[in-house]
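Subject: The structure I promised

Hi,

Here is the structure we talked about, with the sequence alongside. Have a look at it, and then read on for what I found.

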Amino acid sequence: MRAIVVNTPGGSAALEPAELPDPVPGPGEVLVDVAASGVNFIDVYHREGRYPLPVPFVPGSEGAGTVAAVGEGVTDVVVGDRVGWAQVLGSYATKIVIPAEKAIVLPAGLSPDLAAAVLLQGLTAHYLTHSTYAIRQGDHVLVHAAAGGMGLLLTQIAKLRGARVIGTVSTSEKEKLARQAGADEVIGYENFADEVKKITGAGVDVVYDGVGAATFDGSLASLRPRGMLALYGGASGAVPPLDPQRLNTAGSVFLTRPSLTHYIADRDELLWRAGDVLGWVASGALKVHVSQRYPLAEARRAHDDLEARRTTGKLLLIP
């Protein structure tokens with residue numbers, strides 16, 4: 001099979017095309033012919049070594065395709081099923097073996113491209129809006145990078161739950177995308193906390209921040225008393241160590257650094273969140289914006305574009 005391999009962590013040049021032996025499913029596993037792989041910032045963190053992995057490894061945590069073979073004891077999926085997955089390393093390849101418990105059978109009529117584009121970020125947006133901070137009707141929500149893949153999904157799902165959404169963006173083109181997704185107010189990053197307070201008065205109930213170091217201080221300052229900052233990523237870098245007293249002076253606010261792993265702790269929870277997300281996509285209630293599709297061999301270019309913020313929405317690798 002063809003794959004992208006990281007032999008030594010580093011910049012995008014660490015992504016090397018390679019030919020590898022075809023994998024074989026073991027007990028409780030399925031072999032999938034990959035139709036599309038999602039490109040996410042966690043792939044960058046793996047490639048850089050920020051989240052260390054044993055080398056060599058095939059990056060990529062999300063994708064969709066068709067089941068080609070099943071291992072012993074697998075009953076939930078069969079050969080020919082179209083499935084998606086998230087948080088399964090090795091997705092930058094033409095074939096992948098995944099645990100059957102991670103395989104999500106796609107709704108009829110939903111393309112593998114859309115499933116690969118929405119699952120990891122959609123599951124993340126679901127747990128953030130339904131569990132980390134369960135949005136209530138009328139809540140004020142701040143979504144950073146509102147025109148990115150995560151931001152567009154967060155904005156739409158927050159609106160489905162009845163929130164008033166403020167989004168931050170960096171360009172007028174991205175402002176249009178954020179507004180199309182339903183953002184009620186769209187602002188730039190400069191002095192955004194002051195703008196949030198002007199719009200809301202007391203501040204927002206929750207900030208969903210995947211940017212990290214560059215926005216963290218302003219995110220804290222944007223909260224109402226007893227509001228929550230859900231720091232789910234660090235695209236601009238890691239947040240420095242924090243004195244807990246700052247949470248007090250900010251208004252007895254809450255800070256959490258959640259991870260998808262802990263919100264899809266078992267198959268029932270995975271299928272609940274995936275069922276909601278894929279159902280919304282299939283019905284048209286949730287729009288997935290795929291901005292770029294790259295051949296698998298051009299994974300370096302996809303990473304370069306993602307890190308340089310030259311893109312909006314989701315990036316896919318196509319074998």
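Let's start with A13, which sits in the loop that joins β1 (2-6) to β2 (15-19). Its relative accessible area is 53%, and since anything over 50% is called exposed, A13 is exposed. One more thing on A13: from its C-alpha to that of A193 is 37 Å in space, with the two positions 180 residues apart in sequence. Do keep in mind throughout that this is a predicted model.

Now the overall picture. The protein chain has 9 helices and 15 strands. Its radius of gyration is 20 Å, close to the 20 Å that the globule rule gives for 319 residues, so the chain is as compact as a globular protein of that length. If you draw a box along the principal axes, the C-alpha atoms fill roughly 60 × 40 × 35 Å.

How much of the chain is buried? Of the 319 residues, 53% are. As for the outside, the chain exposes about 13,000 Å², and 52% of that comes from carbon and sulfur atoms. Contacts also reach a long way along the sequence: take those between residues at least 6 apart, and 68% of them join residues at least 24 apart. On charge, I count 28 positive and 33 negative side chains, with the centres of the two sets 6 Å apart.

Next, a few places worth clicking on.

T200 belongs to helix α5, which covers residues 192-200. Is T200 buried or exposed? Its relative accessibility is 18%, and the limit for buried is under 20%, so T200 counts as buried. A polar atom of its side chain lies 2.8 Å from the backbone oxygen of V196. Setting aside residues up to four places away in sequence, T200 touches H140 and I166.

A299 is in a helix too, this time α9. At 1% relative accessibility, A299 is buried. Which residues does A299 contact, leaving aside neighbours within four places in sequence? They are I4, L15, Y92 and L317. A274 is another matter: it is 25 residues from A299 along the chain, and their C-alpha atoms are separated by 26 Å.

Then there is P107, in the loop between β7 (104-105) and α2 (112-132). Its relative accessibility is 26%, and P107 counts as partly exposed. Where sequence and space tell separate stories is in the pair P107 and G279: they are 172 residues apart in sequence, but their C-alpha atoms are 7.4 Å apart. Neighbours within four places aside, P107 is in contact with R82, L278 and A282.

The loop between β5 and β6 deserves a stop as well. T94 is found there, and at 15% relative accessibility it counts as buried. What does T94 touch, not counting residues up to four places away in sequence? The list takes in M1, R2, V32, D33, V34, L296 and P319. Q87 is in this loop too, which runs between β5 (82-86) and β6 (95-99). Unlike T94, which is buried, Q87 is partly exposed, with a relative accessible area of 26%.

Finally, some backbone details. Q87 comes up again here, with a positive phi of about 60° although it is not a glycine. R309 also has a positive phi, near 60°, and is likewise a residue other than glycine. You'll find R309 in the loop between α9 (299-307) and β15 (314-318). With a relative accessible area of 38%, R309 is partly exposed. The remaining item is a cis peptide bond: the one from V55 to P56, with omega near -5°. P56 is in the loop between α1 (41-48) and β4 (62-70).

That's what I have for now. Shout if you'd like to go through any of it together.

Cheers

Conventions
Residues numbered from 1 in each chain as written. Predicted model: local features only at pLDDT ≥ 70, side-chain atom pairs only at ≥ 80, totals over all residues. Heavy atoms only, no water. Helix = DSSP H or I, 4+ residues; strand = E, 2+ residues; numbered from the N terminus. Rg over C-alpha atoms; globule rule 2.2 N^0.38 Å. Buried < 20%, exposed > 50% of the residue type's maximum accessible area, 1.4 Å probe, protein only. Contact = heavy atoms within 4.5 Å. Areas by Shrake-Rupley, 256 points an atom, 1.4 Å probe, with all protein chains shown as cover. Lys, Arg positive; Asp, Glu negative; His and termini not counted. Charge placed at Lys NZ, Arg CZ, Asp CG, Glu CD. Polar contact = N/O pair within 3.5 Å; in protein donor to acceptor, adjacent residues only side chain to side chain.
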